[in-house]
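Load the model in your viewer and switch to a cartoon view. Keep the selection tool at hand, and follow the stops in turn.

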Amino acid sequence: MSRSIRLWTAAAGMVAACAVGLTLGVRTSDGTEGAAFGKKVRSYILSHPEIIEEAAERLRIAPYRTAIETPFTGAEAGNPKGDVTLVAFTDYNCPYCRASSPEIDRLIANDPRLRVVWREMPVLGPGSDAAAAAALAAARQGRYYAFHRALFAGGHPDTDGIAAAAKTAGLIPASLVAGAKAPEVQAEIRTNMELARAMQITATPFFVIGNRTFEGAIGYDRLAAAVAAARNERD
């Protein structure tokens, strides 16, 4: 069974259970049995099937929200007390992540209430592992965002690319090589991969914004709209 079918099935079951509960347990003010109200609920659901998708997204995110929104120290940018958190699972070898990076930079620059948390998800080979570990080593030195931007803006994230990004970010390349081996760094990568498996994330980039998830390269307008929608849900 595919991921989408599983999520939709779970959400449909949840909504159906709520509808059944309403049907059995609710009476209207004039004493009419709750069955009539239950029919209205069912009719509404059938007329607005998008609520099933919304329920599926909430089910997917809710158990892991605290974990994914709690960053590895330093692996975040924007307003640390922002009212909306954008979580981005990325891989430095991913061209779509590279394409999305300046869009996120623009969003951070234009939205003073936004917080962005990055989760390193190296799924494209050993080079990805090394780049992810180097980025987290940069985070431990308080230079994650500068290194992150430099690595995406540079060439291939191989040894030379990592060294060049380190220099651009004001870091000593050798310090990242050593820092990448730190137990905390390796534990963070394992944690991110476990979260990705639990949430059935199979590719990068993957974004969580409020109660919605997004896959693939996303332009500025769509990102901004998703942040605005998440903000409206909080109000």
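## Stop 1: Thr-213 and the β5 edge

Select Thr-213, which lies in strand β5. Keep in mind that this is a predicted model. Is Thr-213 buried or exposed? Its relative accessibility is 13%, so Thr-213 counts as buried, the cut-off being under 20%.

Now show what surrounds Thr-213. Leaving out residues up to four places away in sequence, it touches Glu-57, Arg-60, Ile-61, Phe-206, Phe-207 and Val-208. One of these contacts, Val-208, is also a bridge partner: in β5, Val-208 pairs with Thr-213.

Widen the selection to β4 and β5. These strands pair in the antiparallel sense over 4 bridges. They form a hairpin with 2 residues between them. Click Gly-210 in the turn: this glycine has a positive phi of about 65°.

## Stop 2: the whole sheet

Colour the strands. They make an open sheet of 5 strands in the order β1-β3-β2-β4-β5, with mixed pairing. Which strands stand at the edges? They are β1 (76-78) and β5 (212-215); each has a single partner strand, so one side of each is left without a neighbour in the sheet. Look along the sheet for its twist: neighbouring strands are turned by 20° against each other on average, direction ignored.

As a reminder while you trace the ladder, strands of a sheet pair through backbone hydrogen bonds, either parallel or antiparallel.

## Stop 3: inward to β4 and β2

Select β4 (206-209). Phe-206 and Val-208 point one way, Phe-207 and Ile-209 the other. All of these are buried.

Step across to β2 (84-90). β2 and β4 pair in the antiparallel sense over 4 bridges. Two places to click: Phe-89 stands opposite Phe-206, and Ala-88 has Phe-207 as its bridge partner in β4.

How many residues of β2 are buried? The count is 7 of the 7, so β2 is largely enclosed by the rest of the structure. Show the side chains to see both faces. Val-84, Leu-86, Ala-88 and Thr-90 point one way. Thr-85, Val-87 and Phe-89 point the other way.

## Stop 4: across to β3

Next, select β3 (residues 114-120). β2 and β3 run parallel and are joined by 7 bridges. Val-84 in β2 stands opposite Leu-114 in β3. Follow the chain between the two strands: it crosses from β2 through α5 to β3, and this β-α-β crossover is right-handed.

Leave α5 (residues 95-110) displayed. This helix packs on the sheet, touching β1, β2, β3 and β4. The direction of α5 makes about 155° with that of β3. Then add α11 (residues 220-234), which also packs on the sheet. Helix α11 touches β2, β3, β4 and β5, and its direction makes about 135° with that of β2.

## Stop 5: Ala-77 at the other edge

Go to Ala-77, placed in strand β1. Ala-77 is buried, with a relative accessible area of 10%. β1 and β3 pair in the antiparallel sense over 3 bridges, and the bridge partner of Ala-77 in β3 is Val-116.

Display the contacts of Ala-77. Beyond neighbours within four places in sequence, they are Ile-108, Leu-114, Arg-115, Val-116, Trp-118 and Tyr-145. Draw a distance to Ile-108: the two C-alpha atoms are separated by 7.6 Å, although the residues are 31 apart along the chain.

## Stop 6: the α6/α7 pair

Select helix α6 (residues 126-140) and helix α7 (residues 144-153). Their axes come within 7 Å and cross at roughly 150°. α6 and α7 are therefore roughly antiparallel to each other, the threshold for that label being over 145 degrees.

What meets what between α6 and α7? From α6 come Ala-131, Ala-134, Ala-135, Ala-138 and Ala-139; from α7 come Tyr-144, Phe-147 and Leu-151. The residues of this contact divide into 8 nonpolar, no polar and no charged.

## Last stop: zoom out

Show the full chain. It has 11 helices and 5 strands. Of its 235 residues, 43% count as buried. Among contacts with a separation of 6 or more, residues 24 or more positions apart account for 77%.

Conventions:
Residues are numbered from 1 along each chain as its sequence is written. This is a predicted model: local features need pLDDT of at least 70, side-chain atom pairs count only at pLDDT 80 or more; totals for chains, interfaces and linings use all residues. Side-chain values use heavy atoms; hydrogens and water are left out. Two strands pair if DSSP finds at least two bridges between them. Axes are lines fitted to C-alpha atoms, for helices over the stretch in contact, and angles run from 0 to 180 degrees between N-to-C directions. Contact means heavy atoms within 4.5 Å. Angles under 35 degrees count as roughly parallel, over 145 as roughly antiparallel, 65 to 115 as roughly perpendicular and the rest as oblique. Ala, Val, Leu, Ile, Met, Phe, Trp, Tyr, Cys and Pro count as nonpolar, Asp, Glu, Lys and Arg as charged, and the others, Gly among them, as polar. Buried means under 20% relative accessible area, exposed over 50%, partly exposed in between (1.4 Å probe, protein chains only). A crossover is right-handed if, with the strands pointing away from the viewer, the path from the first strand over the helix to the second runs clockwise.
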